[in-house]
Amino acid sequence: MPAAIPIIATVAAGAAASYQYYGIAMAITVAAQVATQALTKKPSLGSYRDTSERKQVLRAAASAKTVVYGHTTTAGTLFFSEEESGQQDDGEMLHLAVALAGHSLSSIGTVWLGDEPISSFPEHASFELHTNRQTVDPYMLANCPSWKEDMIGKGITWLRVSLKFSAEKFPSGIPNIKVEKYGRAVYDPRTGLTAYSNNAALVILDYYRNYLKVPDADILWEQFKEAANICDEDVVTGGNTVEKRYTINGEFDLSENKVSILEGMLAACAGDVTYTAGKHGLLVGAYYGPATEVITESQLAGDIEIMPEVSQAERVNTIKGTFVDPQQGYTEADFPSVSVSEWVTEDGVEISQDMKLRFVTSEFQAQRLADVKLKRTRIARTMNVTLNLSGYRYRPGMYVKVNFPSIGIVNVEMRVTDWKFGVQNGVQLTLKQETADVWGDAIGKPIERPPFTQLPPGGVAQPQNLKYTVEEIGQVVQGILSWQNIGQVVYNKVIIRRNGQMVMSVQVPGMFTRLTGLPKNTYTAHVIAVNQMGAESPEAYLEFSIEAPLPPSHVDIEQGFFAVTLIPRLAAITNVSTQFDFWTSGETQLPGTSTETVEGNASREGMGTTWTSSQLQVGHTYYWYIRTINAFGASGFIEVPALCSMDTGSLIDLIDDSVQKSDAFQNIKDGVDTNLEGIMENALANHGTVQRQFEQYGEVKAEVMTVTTTVANLDGAFAELADYVQAQIGPDGELMAAVNQKLNAEVNSDGTAKASYTLNLGIVRNGVKYNTGFGMSIEPDGNSYKSTVVFAADQFGIYSGNNPGDWQAAFFVYNGQVFIRSVLIQEASIDFGKITDSLQSSNFIPGVRGWNLPKNASPEFHGRLYADSGEFAFNGVNNIVVINGNGLTVNLPGGGRVVVGRWS
């Protein structure tokens with residue numbers, strides 16, 4: 001084990017038992033090379049720490065008290081650490097004190113060091129649990145000189161862990177300490193006993209009494225007893241095991257928002273808090289029917305507000321979310337999403353909502369809760385009524401029958417979800433139609449919605465002037481379906497069918513809806529108006545078609561830096577947004593442009609109004625296949641051959657700019673670094689390690705230094721190895737020779753990484769630096785990575801051979817020019833060329849075949865010459881032979897000419 005973190009702490013007994021915080025006064029000294037080895041994290045007071053954070057030991061001078069309910073595995077707060085005095089070696093002891101909870105735990109299970117139980121280290125680790133101690137721990141007092149008499153820990157639970165140093169057992173330093181915890185003992189009003197339990201209702205009752213400070217006189221005890229009974233019901237899981245219906249398992253800090261904590265607990269039991277006549281109660285998720293009370297029209301004392309269906313903005317058919325999975329070490333994990341396929345089909349698309357269950361450790365309980373949330377959200381027929389004082393007897397959670405025959409509502413069973421009382425306003429109730437099926441355990445099954453009203457058909461006018469128009473509103477809008485309503489309408493049902501099959505269904509509060517995502521075809525639209533009583537009108541009907549766009553009429557090609565940009569053009573202006581779909585087969589031309597041929601043999605690059613393809617080879621032709629895409633569909637493909645070409649002069653400037661921006665160039669451009677003192681100070685300040693060797697004789701000095709730096713934190717990791725070799729003469733280093741070598745590797749939490757190697761050699765004479773260098777780097781370049789190699793020297797050569805006495809010069813760079821002794825080039829693009837001897841074909845044989853263009857002799861051609869037109873000039877005046885579409889003309893000296901062909 002590396003040298004332990006020396007922490008000297010004083011814990012006052014009274015402060016340790018304070019209400020919200022562990023009071024810990026700490027003076028911490030951390031050696032530079034040890035700081036990165038302790039697996040601890042700084043606290044974020046006042047914020048919620050998720051399960052991944054709670055699995056890491058927290059090191060803090062003051063941190064909020066932790067409250068634990070149920071069964072969980074987490075770390076704690078390291079508030080004391082002291083190592084045995086003397087030199088670090090095998091067998092040295094380190095004693096740690098870790099606060100586990102700000103109250104007494106019922107018990108603990110396995111203690112973990114890293115990912116191994118502490119029992120795996122019988123000779124190198126031991127622990128002792130302390131719960132609400134009243135006197136000082138004699139072990140810590142005897143073995144830790146800094147542990148004082150007043151360091152007791154009243155009212156809290158803490159763990160003493162002692163580790164014996166072993167480089168083999170603890171190669172990474174102090175291991176992370178996790179503990180399996182069984183939380184607070186809670187009071188059960190059904191038995192009058194206080195004992196460990198993870199019953200959700202009893203946990204919430206304990207939170208009300210001890211942390212929200214609700215007096216016992218202000219608690220609806222019978223409601224909590226009934227809720228506890230429901231939570232204790234046995235439920236068969238999907239794995240044919242039995243578990244309790246609602247449990248709470250987890251922990252929180254007292255610095256967290258109290259409302260957020262209570263909301264997390266209520267989510268674990270599908271619960272609702274109640275506040276009736278000044279008393280607090282709890283309704284956990286259950287069916288509290290059948291109804292025995294009836295609300296009649298004679299009790300009404302005000303208007304009735306009815307919401308027959310959930311709004312489209314709140315419509316949901318899928319619930320996704322997370323819970324705390326014991327099988328994955330009590331980390332946050334996704335539970336299988338709960339979805340009703342019939343509702344997805346009805347809506348035409350999956351509409352999901354997220355659910356975070358921080359106190360749920362059962363995958364099946366999480367799914368049951370998600371199913372309840374989905375059904376309560378979906379089946380949300382709601383009524384707000386004002387009753388006379390007879391409504392005082394109704395309470396939240398009760399199921400009642402609503403009997404208002406004058407508006408067609410006859411004995412509809414509904415649940416009271418809210419209750420308010422006022423002497424002048426009477427009793428205001430919120431009622432929801434939540435049937436027993438909402439609370440069933442059949443996950444992912446649709447439920448039968450009973451009729452809400454018993455009104456006769458008709459009475460609502462049919463929507464008028466139904467029409468479909470194409471309109472430009474964004475890039476994905478196909479068109480607008482609009483109509484006019486007559487009379488009072490709450491919403492309209494809109495159904496789109498293709499060949500009689502429903503492909504889209506929405507509820508629209510207004511008189512239009514935008515249609516998107518429909519492929520080209522013929523459709524029928526059906527619109528039905530619904531009034532506030534749920535009565536429906538006859539449907540309005542319309543047939544309309546969606547047509548595919550035309551393909552591009554032509555494509556402009558713009559050249560770039562080893563790239564081409566394709567700009568498709570349309571022959572006609574469109575009234576909807578249009579994009580283009582770009583496919584390529586590389587340098588292979590496809591046999592056709594049919595959709596099947598292109599999609600089966602080319603690769604799709606992407607969609608947009610233009611497309612730029614990079615990393616191409618100059619002089620090569622690439623085949624592209626492009627089609628038009630808009631909200632109506634897709635056109636056929638057209639073929640576009642794109643030749644990549646660019647001027648060599650500008651190309652060199654662009655390449656030069658790109659290379660100079662690389663790490664490889666930047667690392668060598670300043671030459672050798674001879675300030676070894678500054679390098680050493682900077683390395684030590686950044687937790688580096690320095691090895692230095694030097695020899696000095698008067699004004700002559702030789703030195704070798706190696707620097708290693710390693711950094712790892714939440715932002716990423718960085719490693720560097722650097723060697724510095726240096727010799728100098730003179731009191732101020734008037735003559736100095738130096739070699740620098742540096743290796744870097746870096747990764748970042750944003751998903752990027754880079755690496756580099758640098759070698760610099762230099763001479764410094766009277767303040768003038770002469771340098772040569774070599775650098776390599778690989779670094780991010782857009783969505784990929786770019787590698788670069790750079791040499792900087794007055795002269796650069798490559799020799800062939802393996803015999804030091806017989807090397808053959810092959811390639812040189814000198815004075816900004818490249819010299820090659822002999823070269824074979826398969827393909828070349830040359831802006832300007834000079835031939836110093838001759839240019840000839842590879843098959844040239846004098847007088848037989850091929851061609852030859854010598855510098856100081858007659859050219860020779862064998863075979864045919866082809867040209868549309870041209871001129872040959874001979875020595876003398878007017879000696880010109882012209883070949884064109886008129887024939888052959890030979891101009892003779894003195895003005896004559898011979899014409900073969902048409903005279904002109």
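How many contacts beyond four places in sequence does the model have for residues 442–449, where pLDDT stays under 50? There are 27 of them. That stretch is a good place to begin, since confidence is worth checking before any helix or strand is looked at.

## Confidence along the chain

This is a predicted model. Its protein chain has an average pLDDT of 81, and 85% of the residues reach a score of at least 70. Residues 21–46 fall below 50, yet this stretch still has 83 contacts in the model beyond near neighbours in sequence. Residues 442–449 likewise stay under 50.

A word of caution belongs here. Where pLDDT is low, the predicted coordinates should not be read in detail. The contacts of residues 21–46 and of residues 442–449 call for that caution.

## Helix H4 and its two partners

Let us turn to the helices. Helix H4 covers residues 200–210 and helix H6 covers residues 258–267; their axes come within 10 Å and cross at roughly 165 degrees. Angles over 145 degrees count as roughly antiparallel, and H4 and H6 are therefore roughly antiparallel to each other. Their crossing is left-handed. On the H4 side, the residues that take part are Val 203, Ile 204, Tyr 207 and Tyr 208, and they meet Lys 258, Ile 261, Leu 262, Met 265 and Leu 266 of H6. By type, this contact has eight nonpolar residues, one charged residue and no polar ones.

H4 also meets helix H5, residues 221–231: the two axes come within 7 Å and cross at roughly 145 degrees. From H4 come Ala 200, Ala 201, Leu 202, Ile 204, Leu 205, Tyr 208 and Arg 209, while H5 supplies Trp 221, Phe 224, Ala 227, Ala 228 and Cys 231. Here the tally is 11 nonpolar residues, one charged and no polar. Ile 204 and Tyr 208 of H4 are worth finding in the viewer, as they appear in the contact with H6 and also in the contact with H5.

## Two open sheets of three strands

One open sheet has its three strands in the order S32-S33-S36, with antiparallel pairing. Strand S32 (464–469) and strand S36 (512–515) are at the edges, and each has a single partner strand, so one side of each is left without a neighbour in the sheet. From one strand to the next, the twist averages 15 degrees. Strand S33, residues 479–484, is joined to S36 by four bridges, and the two run antiparallel. To find the register, look for Leu 481, which stands opposite Thr 513 in S36.

Another open sheet of three strands follows the order S54-S55-S56, again with antiparallel pairing. Strand S54 (795–800) and strand S56 (817–820) form its edges, each pairing on one side only. Direction ignored, neighbouring strands in this sheet are turned against each other by 15 degrees on average. Between S54 and strand S55 (residues 808–814) there are six bridges in the antiparallel sense, and Tyr 799 stands opposite Ala 809 in S55.

## Hairpins

Now for the hairpins. Strand S25 (residues 318–325) and strand S26 (residues 331–339) run antiparallel and are joined by seven bridges, with Ile 319 opposite Val 338 in S26. Five residues lie between the two strands of this hairpin, and Gly 329 in the turn has a positive phi of about 70 degrees.

Strand S49 takes part in two hairpins, one with S48 and one with S50. Strand S48 (residues 700–713) pairs with S49 (residues 716–729) over 14 antiparallel bridges; Thr 706 stands opposite Asp 723 in S49, and two residues link the strands. S49 then pairs with strand S50 (residues 735–748), also antiparallel and over 14 bridges, and Val 725 stands opposite Val 739 in S50. This hairpin has five residues between its strands, with Gly 730 in the turn at a positive phi of about 110 degrees.

Further along the chain, five bridges join strand S62 (residues 887–891) to strand S63 (residues 897–901), and the strands run antiparallel. Thr 889 has Val 899 in S63 as its bridge partner. Five residues separate the strands of this hairpin, where Gly 894 takes a positive phi near 90 degrees.

Definitions and conventions: Residues are numbered from 1 along each chain as its sequence is written. This is a predicted model: local features need pLDDT of at least 70, side-chain atom pairs count only at pLDDT 80 or more; totals for chains, interfaces and linings use all residues. Side-chain values use heavy atoms; hydrogens and water are left out. pLDDT is the predictor's confidence in each residue, from 0 to 100. Contact means heavy atoms within 4.5 Å. Axes are lines fitted to C-alpha atoms, for helices over the stretch in contact, and angles run from 0 to 180 degrees between N-to-C directions. Angles under 35 degrees count as roughly parallel, over 145 as roughly antiparallel, 65 to 115 as roughly perpendicular and the rest as oblique. A crossing is left-handed if the near helix is turned anticlockwise from the far one by less than a right angle, and right-handed if clockwise. Ala, Val, Leu, Ile, Met, Phe, Trp, Tyr, Cys and Pro count as nonpolar, Asp, Glu, Lys and Arg as charged, and the others, Gly among them, as polar. Two strands pair if DSSP finds at least two bridges between them.
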